[in-house]
Amino acid sequence: MSGYRYTFKKFLKDWMLVIGMIAGAGIYLVYHAIPALHPAGPYLEFICRKIQPVLLFSMLFLAFCKIEPSQLKPHRWQGWLLIIQGSLFITLAVILALCRNIGHFIGLESLMLCLICPTATACAVVTGKLGGDMAGVVGYTILINILVSILVPTFIPLIHPMEGMTFAAAFSRIIAKVFPLLIMPCLLAWVVRYLFPIVHARILKYTDAAFYIWAVALTLAILTSTRAIVQSDEGPAVLLDMAIASALACIFQFWAGKRVGQRYGHTITAGQALGQKNTVFGIWMGYTFLDPVTSISCGFFSIWQNAFNTWQLYKTRKKREKSGAA
């Protein structure tokens, strides 16, 4: 019986992400296919909206509990990644502002959104599993959110002027989204670390739970992405544009991050920091500041990045099993 439990636990751990992705897409497709379930839709959406922030907060809190504040020192690779994200976003924003009749406008706008989208709060969990530096990723997550809070209110109005939406108003809206799910877990973790060391020591025994929390959050994220794609009224051509744009953004950012990180001995960390996105936040930015349809591109991006992360975790697991056997 114990052997069965071990095998089942190992199976869940090895394939949790694949299960989460399939479950997320499958749950929504089943719901969509059965009209009798549709009246429950608003209630289920409300529950998802309430649960997801709690999961992300818990996940980041556990990550911060494992990280010493002194570990959040700046790195050179972080500066290069900020330059890459910021410069590409500004370049595309200026092009779209000056060439409003350019072909594939929605595709380019989607590309811009996927490039500036900040690092996922779950990135530290995946980076740790891959053998990277969790502290480096968390540090970059903080830095890129600050940069996004400045660049988005500055350049998005050039493309989509919004009456009454000043820089201060847009900045405040972004900070209101970022602060509870990024800064608060950090402050709470440090309070627990220094004021309640016994509690902190107990929490450290359960930090691996962050991976399973992420698996649940991933299921909800894929569910949300599937819903956005299925419910879209856009034609196949526009959806294809967004799918291609998000795929290109995903491939480029993982590649560029790994190339930059390789120079400084942080290949995995920099690759995840630049490539793994907070797509829930990206979807919110899309329908708040851009053409709402562009938010679907972050749904596609969520699928691409999690498929790649699943492959990376599989390769890492096989490598460790091989080295262990040897």
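**Exercises on helix packing and burial**

Ser-295 is placed in helix 13. The model examined in these exercises is a predicted one.

**Exercise 1.** Determine whether Ser-295 is buried or exposed, and list which residues it contacts beyond its neighbours within four places in sequence.

*Solution.* Begin with the accessibility. The relative accessible area of Ser-295 is 9%. Buried means under 20%, so Ser-295 is buried. Next, consider the surroundings. With neighbours within four places in sequence set aside, Ser-295 is in contact with Leu-113, Ile-283, Gly-286 and Tyr-287.

**Exercise 2.** Carry out the corresponding analysis for Ser-297.

*Solution.* Ser-297 is found in helix 13, which spans residues 295-325. Its relative accessibility is 0%, and Ser-297 therefore counts as buried. Not counting residues up to four places away in sequence, Ser-297 touches Ser-110, Leu-113, Cys-114, Met-242 and Ser-246.

**Exercise 3.** Describe how helix 6 and helix 12 pack, giving the angle, the axis separation, the handedness and the residues that meet.

*Solution.* Two packed helices are described by the angle between their axes and the distance between the axes. Helix 6 comprises residues 134-159 and helix 12 comprises residues 279-289; they pack at an angle of about 25 degrees, with axes 12 Å apart. Angles under 35 degrees count as roughly parallel, so helix 6 and helix 12 are roughly parallel to each other. Their crossing is right-handed. On the side of helix 6, the contact is made by Val-148, Val-152 and Ile-156; on the side of helix 12, by Phe-281, Met-285 and Phe-289. Sorted by class, this contact has 6 nonpolar residues, with no polar and no charged ones.

**Exercise 4.** Examine Ile-156 of helix 6 and Val-280 of helix 12, and assign each to an accessibility class.

*Solution.* Ile-156 lies in helix 6. With a relative accessible area of 4%, Ile-156 is buried. Leaving aside neighbours within four places in sequence, Ile-156 is in contact with Phe-89, Met-112, Leu-151, Phe-289 and Leu-290. The C-alpha atoms of Ile-156 and Cys-298 are separated by 17 Å, and these residues are 142 residues apart along the chain. Turning to the other residue, Val-280 has its place in helix 12. At 35% relative accessibility, Val-280 counts as partly exposed. Its C-alpha atom is separated by 10.0 Å from that of Pro-53, a residue 227 residues apart from Val-280 along the chain.

**Exercise 5.** Analyse the packing of helix 6 with helix 11 in the manner of Exercise 3.

*Solution.* Helix 11 covers residues 267-275; its axis and that of helix 6 come within 9 Å and cross at roughly 30 degrees. Helix 6 and helix 11 are therefore roughly parallel to each other, and their crossing is right-handed. Gly-136, Val-137 and Tyr-140 in helix 6 meet Thr-269, Ala-273 and Leu-274 in helix 11. By class, the contact has 4 nonpolar residues, 2 polar residues and no charged residues.

**Exercise 6.** Locate the kink in helix 7, then identify the buried residues of this helix and the helices that help to cover them.

*Solution.* Helix 7 runs over residues 167-195, and a kink of about 50 degrees lies at Phe-179, shortly before the proline Pro-180. The buried residues of helix 7 are Ala-170, Ile-174, Val-178, Leu-182, Pro-185, Cys-186, Ala-189, Val-192 and Arg-193. An α-helix has 3.6 residues a turn, so residues three or four places apart point the same way. The cover over the buried residues of helix 7 includes helix 2 (41-66), helix 6, helix 8 (197-203) and helix 12.

Notes:
Residues numbered from 1 in each chain as written. Predicted model: local features only at pLDDT ≥ 70, side-chain atom pairs only at ≥ 80, totals over all residues. Heavy atoms only, no water. Axes fitted to C-alpha atoms, helices over the stretch in contact; angles between N-to-C directions. Helix = DSSP H or I, 4+ residues; strand = E, 2+ residues; numbered from the N terminus. Parallel < 35°, antiparallel > 145°, perpendicular 65-115°, else oblique. Left-handed = near helix turned anticlockwise from the far one by under 90°. Contact = heavy atoms within 4.5 Å. Nonpolar A, V, L, I, M, F, W, Y, C, P; charged D, E, K, R; others polar. Bend = angle between axes of the 7 residues up to and from the residue. Buried < 20%, exposed > 50% of the residue type's maximum accessible area, 1.4 Å probe, protein only.
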